[in-house]
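Please open the model in your viewer and keep the sequence panel beside it, since each stop on this tour begins with a selection.

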Amino acid sequence: MNSAPFLLSDMLQAIADKGRRFLSLAPRETDDPIATVSALCDTLLSSRGEASGMALAQDILNRWQGFSREQQRDFMVMLLERFGPDVQRLERAISAYKADPNPEILLELHLAAEPRRQELIRRLNLAPQGIRTLVRMREVLLGLREENPDLAAVDADFAHLFGSWFNRGFLLLRPIDWSTPANILEKIIRYEAVHDIGGWDELRRRLEPDDRRCFAFFHPQLSDDPLIFVEVALTREIPSNIDELLREDRPVLGAEDATTAVFYSISNCQNGLRGVSFGNFLIKQVVEDLRRDHPKLQTFVTLSPVPGFAGWLARERRNEASEILSQTTRELLGLLDQPGWENDGQAREQLEAPLKTAAAWYFLRARDSKGRAIDPVARFHLGNGARLERLNVLGDRSPRAMRQAHGLMVNYLYKLDEIEANHEAFVGRGEVVTTPAIRRLVPAEKSGRPLIPTMLAPVGAVDETKQVNAGEPRP
């Protein structure tokens, strides 16, 4: 592993240590730790020396890490109330721009509108390992926002700066395999957010076989801590359930014989970077690397969870005025409340068709309060140019998947020559690009009757796998 980031970190730490002699310029301690750190922030913003600035930044971050949750909340409120824009400067710039909207005054308006806390955060990042602490700081902030919505303004400043600092141009894509240092492998186990890794033996089964790959993005200042990683299975066909990919006794396929790359787990590792978009770059870069190393790969597809499906369906079942569930179907879906229904052949047969149709409605029609596709995983993949390819009832029977999605999993297909058009359709027009087989499950227009009947055509009537392999054009 490249040692340059560690050498740079050591050098910055040495500069910060030397800068501590300048801390005599800092304000005196008070009985109020928030007031003290606020004064330190003022001093940091007025500081001109590199060494003294690094030392002050380190001191502020050290104090913040020692704060209780209540003090951390008060610190964020302090950033909101004391380190916003210079109001008088902003008002002067607005008046000047109204009188004479020239480029020079526009620049002054731009500078005056920037909250002082943005520059403060930039300077805090001067501290050795500063970015690591700032990511943790935003993780706390995201939790505090639920209690204090006004802190959204502070979070917007963190998100704005992180969007630049974690730009794709700064990120390093590295393969993760069984020879990767143990401290990073341990984090892969800990951060796995989709399919739990039970321990080192299971991790080895996901990394060492010839038909398995794993890639992660790293930031130069967090070189031992992945930001996001993806686990890939190399197969001959599109899988319909996770067990066939992860079971211990599965046959191992030689990488040279694979034609399909399956992205079966994508895990964000840093909660403090929530909303900072680099997952799309990860998929695109991994596809490029896989195509370079394995030219026979023709199909790039996910096997993805549907984390909000069960909650949405439960709300529809409770809604007596539901436009998509008949009373008969609502009663039939009561089988979902029966423990172990997934092991009852008759229950599975009765539920498969209405669950598929409900899922089609969930993806094609259900929207949140902002008018977006309701499922976050769908928004990610569809926004990246994938198409909704196949619905897999009971694709995952783990307790978490049964609780969140009644076991439903889906395949999103990344068809390389359609990615741009699919992206534009979803982002520009709100259209979910999918196959005719899924589209037919939801009527184009409301008909005045519930849209999910009790029974549909036989489940095997449409062979969606053949549609994928035949390259049937999207609707």
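The tour below goes from the nonpolar cores to two individual residues and then to a pocket.

Bear in mind throughout that this is a predicted model.

**The nonpolar cores**

Begin by selecting Phe75, Met76, Phe166 and Phe309, which are the residues with the most contacts inside the largest nonpolar core, a set of 100 residues. If you then colour helix 16, residues 345-364, you will have marked the element that gives this core its largest share, namely ten residues. A second core, separate from that one and made up of 14 residues, can be found by selecting Ile188, Ile197, Phe218 and Phe229, which are among its members.

Return now to Phe75 and display its surroundings: setting aside residues up to four places away in sequence, Phe75 touches Ile34, Val37, Cys41, Trp64, Phe67 and Met137.

**Arg69**

Next select Arg69, which belongs to helix 4, the run of residues 69-82. Is Arg69 buried or partly exposed? Its relative accessibility is 41%, and because partly exposed covers the range between 20% and 50%, Arg69 falls in that class. With residues up to four places away in sequence again left out, Arg69 touches Val140, Gly143, Leu144 and Glu147. A distance drawn between the C-alpha atoms of Arg69 and Leu144 comes to 9.1 Å, although the two residues stand 75 residues apart along the chain.

**Glu231**

Move on to Glu231, placed in strand 3, which covers residues 228-235. Glu231 counts as buried because its relative accessibility is 3%, and the cut-off for buried is under 20%. Show side chains here and look for the polar contact of 3.1 Å that joins Glu231 to Arg206. Beyond its neighbours within four places in sequence, Glu231 is in contact with Glu192, Arg206, Arg213, Cys214, Val262, Phe263, Tyr264 and Ser265.

**The largest pocket**

For the last stop, select Ile266, Asn268, Pro376, Val377 and Phe380, the lining residues that lie nearest the centre of the largest pocket, whose lining has 42 residues in total. The space in this pocket amounts to about 1,300 Å³. To see which elements surround it, colour strand 4 (260-268), helix 13 (279-293), strand 6 (304-305), helix 17 (376-383) and helix 18 (399-405), each of which supplies at least two residues of the lining. Colouring the lining by class should then give 21 nonpolar, 15 polar and six charged residues.

Conventions: Residues numbered from 1 in each chain as written. Predicted model: local features only at pLDDT ≥ 70, side-chain atom pairs only at ≥ 80, totals over all residues. Heavy atoms only, no water. 1 Å grid on protein atoms, 1.4 Å probe; cavity = no way out; pocket = protein on both sides within 12 Å on 5 of 7 lines; lining within 4 Å. Points joined across faces, edges and corners; volume = space filled by probe spheres on them. Helix = DSSP H or I, 4+ residues; strand = E, 2+ residues; numbered from the N terminus. Nonpolar A, V, L, I, M, F, W, Y, C, P; charged D, E, K, R; others polar. Core = buried A, V, L, I, M, F, W, Y, C linked by side-chain atoms within 4.5 Å. Buried < 20%, exposed > 50% of the residue type's maximum accessible area, 1.4 Å probe, protein only. Contact = heavy atoms within 4.5 Å. Polar contact = N/O pair within 3.5 Å; in protein donor to acceptor, adjacent residues only side chain to side chain.
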